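Please examine the sequence and the three-dimensional structure shown here. The paragraphs that follow lead through selected features in turn.

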Amino acid sequence: MNPYRIIIVGAGNRGYEVYGRYILKNPSVMKAVAVAEPIDERRERLAREHRILKELCFKSWEEVFEREKFADGVIIATMDRMHVEPAVKALEKGYHVLLEKPIAVDIDGLRKLFHSAKEAKSSVTVAHVLRYTPFFRKIKESLHHIGKIVGINLVENVGYFHFAHSFVRGNWRNSETSAPSILAKSCHDMDILYWLVESNAKTISSFGSLVHFKSENSPKNSPERCIYGCPVEDDCPYDAKKIYLTDYTGWPVSVISLDMSLPSRIKALQDGPYGRCVYKCDNNVADHQIVNILFENGVFASFTMTAFTSRITRIIYIYGTHGEIFGDLEKGLIKIFKFGGEEITMNVKASGGHSGGDEGVMKEFLKVLNGEKKEPLTSIEASVESHIMALAAEESRKNGGKPIELRTLRSQVLN
Ligand SMILES: NC(=O)c1ccc[n+]([C@@H]2O[C@H](COP(=O)([O-])OP(=O)(O)OC[C@H]3O[C@@H](n4cnc5c(N)ncnc54)[C@H](O)[C@@H]3O)[C@@H](O)[C@H]2O)c1
């Protein structure tokens, strides 16, 4: 059988490093036949590695959809605010779509996507990678051990250097150019809560703010860029030199420059966004946020997203009428305590990006392409709910924790 023909839209970190590499590793099932990317070096690098014909290398997504359908699927891995339009066009042309999250950044975008997916003959697989991790799958399968769920506490430990990289210096630092952190980062967590609880959220309230990464916390006499010698560099965990100039060149270091040589990385810190002092950036997204959720089926959940953790992980406690579950994603550790009964410990540590979730979402996309599944686990319909939850949390946060009823927001999207 011939491999499915895939168009990659956006050859950045996700398009090139995650999906592109998966395709290269699995040539019998997928082949990248076209790329759309405005940055020449990125487009040419992807085209070279995938041997894409020159006439199928485009500078922007619009050019792809001006043509008659010429492939089976499209991977949309552009930035947050460039998801709705290409996805709607791809569906109109009849392509199956793998769409990065957040699928949209506002209610209007969600409505457009929801209706265009409903009318389309092809489908959208949203990259809610957590649902595809062995860790969360195992937790979902284990719920029967603990009776009826009463409550969940979920904590997203973003990790201090990850937060500084992505949400202070990088792409997701400003809600005007990307999205609020609760949407950009934590729509995954809203999705996991919705999936585990199996009910729509009824009411949400949230507090949070940009606590730390702002000018009033900048050390005395600190320069604009870490590379220019900072009086507190020995003690500053956010020092760009400590993050980007070691022997390690994987993510997030790989994002700062195409060339990983030391001189190129130093130049990137001199000229680019990643060399800036974390207290002197144009960032505005919250670095610590808590969300309380009451679901329609009576389950209570609380969620914390925080920059201020050493590890990058998710910690979950699920409280049931007959037992409880504890989990730590990064360790792959799950413990089930059946009240008055046995204690079960499981290790489901998985390799690969997002604890196995990146590979998982590509396998799901393949099932849609080969017809094994008509609708993926993470369809637009499923994803819309997590986005409504995140938008409600942001609205509440901006209004001093005011409770937001989701029914109205939902009806604006679905009707
Ligand atoms: N599913 C996940 O767990 C996960 C993880 C990280 C990022 N993401 C999401 O993936 C998306 C991409 O993130 P990234 O880190 O790869 O960003 P990136 O900036 O590295 O890549 C985006 C690429 O899109 C390109 N682009 C810009 N305009 C374009 C156009 N008109 N046509 C085609 N391409 C265009 C950019 O030049 C860039 O190379 C974001 O929305 C992000 O939130 C999802």
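In this predicted model, there are 14 aromatic pairs. One of them is formed by Phe163 and Phe167, whose rings are stacked, with 5.0 Å from centre to centre and 25° between the planes. Rings count as stacked when their planes are under 30 degrees apart, so the pair of Phe163 and Phe167 falls in that class. Why are Phe163 and Phe167 separated by about one helical turn? Both residues belong to helix 7, which covers residues 160-169, and they are 4 residues apart in that helix, which means about one helical turn between them.

The sheets may be considered next. One of them is an open sheet of 6 strands, arranged in the order 3-2-1-4-5-6 with parallel pairing. Its edges are strand 3 (57-58) and strand 6 (124-126), each of which pairs on one side only. Within this sheet, strand 4 (residues 73-76) and strand 5 (residues 96-99) are joined over 4 bridges in the parallel sense. Here Val74 stands opposite Val97 of strand 5. Helix 4, made of residues 84-92, packs on this sheet and touches strand 4, strand 5 and strand 6. The direction of helix 4 makes about 165° with that of strand 5.

Another open sheet contains 9 strands in the order 14-13-12-11-7-10-9-8-15, and its pairing is mixed. Which strands form its edges? They are strand 14 and strand 15 (404-405), each pairing on one side only. At the strand 15 edge, 2 bridges connect this strand with strand 8 (residues 201-209), and the two run antiparallel. Thr203 stands opposite Glu405 of strand 15.

Helices also pack on this sheet. Helix 9 (residues 187-197) touches strand 7 (149-157), strand 9 (288-295), strand 10 (300-306) and strand 11 (313-320), and its direction makes about 160° with that of strand 7. Helix 13 packs on the sheet as well, touching strand 8, strand 9 and strand 15, with a direction at about 50° to that of strand 8.

At the strand 14 edge, strand 13 (residues 333-338) pairs with strand 14 (residues 343-347) in the antiparallel sense over 5 bridges. Ile334 stands opposite Met346 in strand 14. Strand 13 and strand 14 form a hairpin with 4 residues between the strands, and in this hairpin Gly340 takes a positive phi near 70°. In a regular strand, side chains alternate between the two faces of the sheet.

Helix 13 appears again in the description of a pocket. The second largest pocket holds about 260 Å³ of space. Of the 15 residues that line this pocket, Ser175, Pro180, Leu391, Glu394 and Lys398 lie nearest its centre. Helix 13 (residues 380-398) supplies the largest share of the lining, 5 residues. By class, the lining has 5 nonpolar, 3 polar and 7 charged residues.

Finally, the enclosed space deserves attention. How many cavities of 30 Å³ or more does the structure hold? There is 1, and the largest cavity contains about 100 Å³ of space. This cavity is lined by 15 residues, and those nearest its centre are Cys226, Cys230, Cys236, Asp239 and Cys277. The lining of the largest cavity comprises 10 nonpolar, 1 polar and 4 charged residues. Cys counts as nonpolar and Asp as charged in this division, so Cys226 belongs to the nonpolar class and Asp239 to the charged class.

Terms used
Residues are numbered from 1 along each chain as its sequence is written. This is a predicted model: local features need pLDDT of at least 70, side-chain atom pairs count only at pLDDT 80 or more; totals for chains, interfaces and linings use all residues. Side-chain values use heavy atoms; hydrogens and water are left out. Two strands pair if DSSP finds at least two bridges between them. Contact means heavy atoms within 4.5 Å. Axes are lines fitted to C-alpha atoms, for helices over the stretch in contact, and angles run from 0 to 180 degrees between N-to-C directions. On a 1 Å grid over the protein atoms alone, a cavity is a set of points where a 1.4 Å probe fits but cannot get out, and a pocket is an open set with protein on both sides within 12 Å along at least five of seven lines; lining residues have an atom within 4 Å of a point. Grid points are joined across faces, edges and corners, and a volume is the space filled by probe spheres set on the points. Rings of Phe, Tyr and Trp (its six-membered ring) pair if their centres lie within 6.5 Å; planes under 30 degrees apart count as stacked, over 60 as edge-to-face and the rest as tilted.
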